[in-house]
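Subject: A structure for you to look at

Hello,

Here is the structure I promised to pass on. Please open it alongside this email, and I will walk you through what turned up.

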Amino acid sequence: MKCKTETIPNYRVAYVRRVGPYGPENIKVIEKLKRWAREKDLLKSAILFGIPQDNPETTQPETCRFDACIVISENYEIDETMSENEITGGKYLVYEVNHTAVDIQKAYKNIFLAIQNNEFEMDNKPIIERYTGDLITNPYCDICVPVK
């Protein structure tokens, strides 16, 4: 698993939220976002984020929140089908991971150990999964871990 340190800027995003246990259902939320973005011609050079907002070890599965987001420009006007938010930038450890459910699950298990071994301290922001391009030309995603 490749890892690097990166300063991620603040991003304005349109998003769809799902509440419930993390897992395969999150894919439906991402697909809903991608359909909307495709209709608005926003997918060609898009940056997408999947953001698990809660720690499933300390939050009941039925109340875990997952946001599927797409970066939008400052002046882009979203419609009533989307919500709007800002991703707070900062210093992140960025892990490049093969975009399969199995590899992403393995990565999450290994990330916390790697953080401890590298003596990084996690910042109090959610971990974000970043997707650029499409899965045909880019079969990887980045798991971005906020650090101090």
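A polar contact here is a pair of N or O atoms within 3.5 Å; within protein, one of the two must be able to donate a hydrogen and the other to accept it. Please keep in mind that this is a predicted model.

With that cut-off in hand, start at Asp54, which sits in the loop between strand 3 and strand 4. Its side chain reaches the backbone nitrogen of Arg65 at 2.8 Å, so the pair falls within the 3.5 Å limit. Is Asp54 buried or exposed? Its relative accessibility is 15%, and buried means under 20%, so Asp54 counts as buried. Setting aside neighbours within four places in sequence, the residues in contact with Asp54 are Tyr22, Thr59, Thr63, Cys64 and Arg65.

The strands on either side of that loop, strand 3 (residues 47-52) and strand 4 (residues 65-71), pair in the antiparallel sense over 5 bridges. In one of these pairings, Leu48 has Ile70 in strand 4 as its bridge partner.

Now for the sheet as a whole. It is open, has 8 strands in the order 1-6-8-7-3-4-2-5, and its pairing is antiparallel. Strand 1 (2-8) and strand 5 (83-87) are the edge strands, each pairing on one side only. From one strand to the next, the twist averages 30°. Helix 2 (residues 101-117) packs on this sheet, where it touches strand 3, strand 6 (90-98), strand 7 (128-132) and strand 8 (140-146). The direction of helix 2 makes about 140° with that of strand 6.

Helix 1 (residues 25-39) is worth a look too. Its 15 residues reach 22 Å from the first C-alpha to the last, close to the 21 Å expected at 1.5 Å a residue. Which residues of helix 1 are buried? They are Asn26, Val29, Ile30, Leu33, Lys34, Trp36 and Ala37. These cover an arc of only 160° around the axis, so they lie on the same side of helix 1. Ile27, Lys28 and Glu39 are exposed on the other side. As for what the buried residues pack against, the partners are strand 2 (11-19), strand 3 and strand 4. After helix 1 comes Asp41, with a positive phi near 60°.

Happy to talk any of this over once you have had a look.

Best wishes

Definitions and conventions. Residues are numbered from 1 along each chain as its sequence is written. This is a predicted model: local features need pLDDT of at least 70, side-chain atom pairs count only at pLDDT 80 or more; totals for chains, interfaces and linings use all residues. Side-chain values use heavy atoms; hydrogens and water are left out. Two strands pair if DSSP finds at least two bridges between them. Helices (H or I, at least four residues) and strands (E, at least two) are DSSP runs, numbered from the N terminus. Axes are lines fitted to C-alpha atoms, for helices over the stretch in contact, and angles run from 0 to 180 degrees between N-to-C directions. Contact means heavy atoms within 4.5 Å. Buried means under 20% relative accessible area, exposed over 50%, partly exposed in between (1.4 Å probe, protein chains only). The expected span of a helix is 1.5 Å times one less than its number of residues. The arc is that of the directions from the helix axis to the C-beta atoms.
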